[in-house]
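Please find below my notes on this model, set out as numbered points for your consideration. They deal with helix lengths, helix packing and a few individual residues.

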Amino acid sequence: MSSWKKAAKANQKTHKERHQPESRKHLGLLEKKKDYKKRADDYHEKGETLKLLRKRTLDKNPDEFYFHMINSRVKDGEHHELEKEDEHSTEQVKLMQTQDIKYINMKRTIESRRINRLQAQLHMTDVADATPNTHTFFIDEGEEKDFDLAKRLDTHPALLGRKSNRPRMADLDKINLPELNEETLESMKKKKAKVYKELSKRIEREKELTVVQQKMELKRHLQDAKILKPKRVTPGSKSAAPVYKFQYIRKK
């Protein structure tokens, strides 16, 4: 039946809408019924919103509390959300969105092996000497004034600050040290500092990958529908994954 109505309207006369009279052209386009309808609906909608807000203001309880009040404040009549620290850094978000846990585990293993290789090469003697430590000597009364630390340890006074690689005087006489100029010593120091810098960067990278791996594993466990929702003990941060307490389930 509707097809016949459409066919009948096909040959209908097209009714043109009246335009704005010449004497009223300075007022702009003539408002049509559809334009008035949109303007009227918008006006009534805003009126209803204002009426609802006025009613809520009159019915407001001054002692009312809801949990969002903890995370927001009203300042000069405007609501402001309290800024929270981001749980993930930008690099962590990129890794978790683009890579899977197997890739993260592989890269972390590679970094840890390179760290072990560099630590075996450097021996970390400078770090050991920089760490404060105590060494107690027991002497008899009256020997405090004549006590010589270098003589007691049987080493050169310039080597007293070392904790490792501190040879005795008898061994120093046997050692044939090569003659090194200032340029060689400077290049050795620069090379050593470069290796230490690389080591510190790799340690930081390995820590970041470990945190990302822990967060991805925890997210996978939380998505398991078979277990009850665990209780969060510690919230997560950029440097540590969140800590959850899962309910103990007895395995058969």
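**Notes on the predicted model**

1. Helix H2, which covers residues 33-58, has 26 residues, and from its first C-alpha to its last it reaches 37 Å, close to the 38 Å expected at 1.5 Å a residue. Please bear in mind throughout that this is a predicted model. H2 is hardly covered, since the count of buried residues among its 26 residues is one.

2. Glu45 is a residue of helix H2, and with a relative accessibility of 54% it counts as exposed, because the cut-off for that class is over 50%. Glu45 lies 202 residues from Gln247 in sequence, and the two are 51 Å apart in space, C-alpha to C-alpha.

3. Helix H8 has 41 residues, which at 1.5 Å a residue should span 60 Å, and the 60 Å between its end C-alpha atoms agrees with that expectation. The buried residues of H8 include Val195, Tyr196, Leu199, Arg202 and Glu206, and further along the helix Leu209, Val211, Val212, Gln213, Lys215, Met216 and Leu218 are also buried.

4. How do H3 and H8 cross? The general convention is that two packed helices are described by the angle between their axes and the distance between the axes. For helix H3 (residues 90-98) and helix H8 (residues 182-222), the axes come within 10 Å and cross at roughly 50°, and the two helices are therefore oblique to each other. Their crossing is right-handed. On the H3 side the contact is made by Glu91, Gln92, Leu95 and Met96, and on the H8 side by Arg205, Glu208, Leu209, Val211, Val212, Lys215 and Met216. By class, the residues of this contact divide into six nonpolar, one polar and four charged.

5. The packing of H4 with H8 has an angle of about 150°, with the axes 9 Å apart, and these helices are therefore roughly antiparallel to each other. The crossing of H4 and H8 is left-handed. The contact of H4 with H8 has twelve nonpolar, five polar and nine charged residues.

6. Is Glu111, in helix H4 (residues 101-122), buried or exposed? At 10% relative accessibility Glu111 counts as buried, because the cut-off for that class is under 20%. Not counting residues up to four places away in sequence, Glu111 touches Arg202, Arg205, Glu206 and Leu209, and of these partners Arg202, Glu206 and Leu209 are listed among the buried residues of H8. Glu111 and Lys16, by contrast, are 77 Å apart in space, C-alpha to C-alpha, with their positions 95 residues apart in sequence.

7. Two loop residues also deserve a comment. Thr155 has its place in the loop between helix H6 (149-153) and helix H7 (169-174), and it is buried, with a relative accessible area of 4%. Leaving aside neighbours within four places in sequence, Thr155 is in contact with Ala150, Leu160, Arg166, Pro167 and Met169.

8. Asp76 is found in the loop between strand E1 (72-75) and strand E2 (78-81). The phi angle of Asp76 is near 55°, a positive value in a residue other than glycine, and Asp76 is exposed, with a relative accessible area of 75%.

Technical notes. Residues numbered from 1 in each chain as written. Predicted model: local features only at pLDDT ≥ 70, side-chain atom pairs only at ≥ 80, totals over all residues. Heavy atoms only, no water. Axes fitted to C-alpha atoms, helices over the stretch in contact; angles between N-to-C directions. Helix = DSSP H or I, 4+ residues; strand = E, 2+ residues; numbered from the N terminus. Parallel < 35°, antiparallel > 145°, perpendicular 65-115°, else oblique. Left-handed = near helix turned anticlockwise from the far one by under 90°. Contact = heavy atoms within 4.5 Å. Nonpolar A, V, L, I, M, F, W, Y, C, P; charged D, E, K, R; others polar. Expected span 1.5 Å × (residues − 1). Buried < 20%, exposed > 50% of the residue type's maximum accessible area, 1.4 Å probe, protein only.
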